[in-house]
Amino acid sequence: MDLTGENADGNPEIFLYDTTTDSVQQLTDTQMKGAALPSIDASGTRIAFASNAYSLATPAADSAIVYDTTDSTFLNVSELDADAPPVISATISNDGRWVSCVGITDTASVHFTVYDLSVGATYFVATSQPYGQSLPIFQLLGAGALTAPINHDGSMVAFTLADDLTDENADHGMEVFAASDFEYELIQDATFTLPENSESGEV
């Protein structure tokens with residue numbers, strides 16, 4: 001949809017509606033690629049989404065992107081983890097510090113990670129069994145596992161899996177799990193350089 005006259009190719013793009021000015025701004029221009037599933041922090045200054053656009057990730061890959069409305073810059077969050085699988089969704093916490101990502105590995109495992117933008121750390125949350133091309137992966141996506149909502153301060157992530165992560169899902173039904181920060185496993189730490197305009201270690 002070409003809401004602003006800047007999306008002639010009709011790609012899925014990220015738009016921002018400002019209720020104070022009743023105006024719409026197109027944030028991305030993915031050039032025959034796409035961007036999807038945006039989430040916004042409480043201040044309205046950071047927006048996280050998934051994109052496979054060449055202009056936002058090099059090489060073009062399904063990456064988690066954070067857009068900062070204060071300086072109109074993009075941060076490729078996936079670059080914080082060199083082993084990150086292709087991302088299908090990215091959800092930002094209300095305080096704008098944490099980004100929860102859902103990725104799909106080459107064996108069709110669903111992989112959940114959390115990024116701390118204030119220090120450039122990556123935390124492993126959970127991963128599913130390798131589904132391959134079997135039916136459960138499609139059931140999983142249909143059951144709402146496209147996103148992993150994260151709470152206001154990044155201390156809790158909710159997600160859907162058919163795995164028996166807690167020895168309480170023997171029938172492997174689609175269930176909702178929650179992981180707290182006490183259960184996160186640090187897998188990468190400060191593997192990127194903060195932008196020059198960052199202050200007090202914040203991106």
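The exercises below, each with a worked solution, concern a predicted model.

**Exercise 1. Overall layout**

Determine how many helices and strands the chain has, and in what pattern they follow one another along the sequence.

Solution. Begin with the count, which gives one helix and 13 strands. Then read along the sequence, where the pattern is β-β-β-β-β-β-β-β-β-β-α-β-β-β. Next turn to burial: of the 203 residues of the chain, 44% count as buried. Finally, consider the contacts with a separation of 6 or more, of which 41% are accounted for by residues 24 or more positions apart.

**Exercise 2. The hairpin of S1 and S2**

Work out how strands S1 and S2 are joined, and which residue of their hairpin takes a positive phi.

Solution. Strand S1 (residues 15-18) and strand S2 (residues 23-26) run antiparallel and are joined by four bridges. One of the partners can be named, since Asp18 has Ser23 as its bridge partner in S2. The hairpin has four residues between the strands, and Asp22 takes a positive phi near 55° there. Asp22 has this positive phi although it is not a glycine, and its place is in the loop between S1 and S2. With a relative accessibility of 57%, Asp22 counts as exposed, because the cut-off for that class is over 50%.

**Exercise 3. The surroundings of strand S4**

Decide whether the residues of strand S4 are buried or exposed, and identify the strands with which S4 pairs.

Solution. Start with burial: six of the six residues of strand S4 (residues 46-51) are buried, so this strand is largely enclosed by the rest of the structure. Looking at the two faces separately, Arg46, Ala48 and Ala50 are buried on one side, while Ile47, Phe49 and Ser51 are buried on the other.

Now take the pairing with strand S3 (residues 35-40), which runs antiparallel to S4 and is joined to it by four bridges. Within this pairing, Ser39 has Ala48 of S4 as its bridge partner. S3 and S4 form a hairpin with five residues between them, and Gly44 in the turn has a positive phi of about 80°. A positive phi is also found at Leu37, a residue other than glycine, where the value is near 55°; the place of Leu37 is in strand S3, and Leu37 is partly exposed, with a relative accessible area of 36%.

The other pairing is between S4 and strand S5 (residues 63-68), in the antiparallel sense and over six bridges. Here the bridge partner of Ile47 is Tyr67 in S5.

**Exercise 4. The nonpolar cores**

Find which residues of the largest nonpolar core touch the most other members, and which strand gives the largest share of this core.

Solution. The largest nonpolar core has 19 residues, and of these Phe112, Val114, Val125 and Phe159 touch the most other members. At least two residues of this core come from each of strand S8 (98-104), strand S9 (110-116), strand S10 (121-127), S11 and S12. The largest share, four residues, is supplied by S10. Apart from this core lies another, of 14 residues, including Ala50, Val87, Cys101 and Leu117. As background, nonpolar side chains tend to be buried together in soluble globular proteins.

To follow one member more closely, leave aside residues up to four places away in sequence; Phe159 then touches Phe112, Val125, Ala126, Ala148, Leu165, Glu175, Val176, Phe177 and Ala179.

**Exercise 5. The cavity**

Establish how much space lies in the largest cavity, and which residues line it.

Solution. The structure holds one cavity of 30 Å³ or more, and about 40 Å³ of space lies in the largest cavity. Its lining is formed by Ala84, Pro85, Val87, Cys101, Val102, Gly103, His111, Thr113 and Tyr115. S8 and S9 each contribute at least two residues to this lining. Sorted by class, the lining has six nonpolar, three polar and no charged residues.

**Exercise 6. Two loop residues**

Locate Lys33 and Met174, and state how far the C-alpha atom of each lies from that of Glu13 and Asp164, respectively.

Solution. Lys33 lies in the loop between S2 and S3, and is partly exposed, with a relative accessible area of 28%. Lys33 and Glu13 are 20 residues apart along the chain, and their C-alpha atoms are separated by 9.1 Å. Met174 has its place in the loop between strand S11 (156-161) and strand S12 (175-180), and is likewise partly exposed, with a relative accessible area of 28%. The C-alpha atoms of Met174 and Asp164, ten residues apart along the chain, are 9.9 Å from each other.

Key
Residues numbered from 1 in each chain as written. Predicted model: local features only at pLDDT ≥ 70, side-chain atom pairs only at ≥ 80, totals over all residues. Heavy atoms only, no water. Buried < 20%, exposed > 50% of the residue type's maximum accessible area, 1.4 Å probe, protein only. Core = buried A, V, L, I, M, F, W, Y, C linked by side-chain atoms within 4.5 Å. Contact = heavy atoms within 4.5 Å. Pairing = 2+ DSSP bridges. 1 Å grid on protein atoms, 1.4 Å probe; cavity = no way out; pocket = protein on both sides within 12 Å on 5 of 7 lines; lining within 4 Å. Points joined across faces, edges and corners; volume = space filled by probe spheres on them. Nonpolar A, V, L, I, M, F, W, Y, C, P; charged D, E, K, R; others polar.
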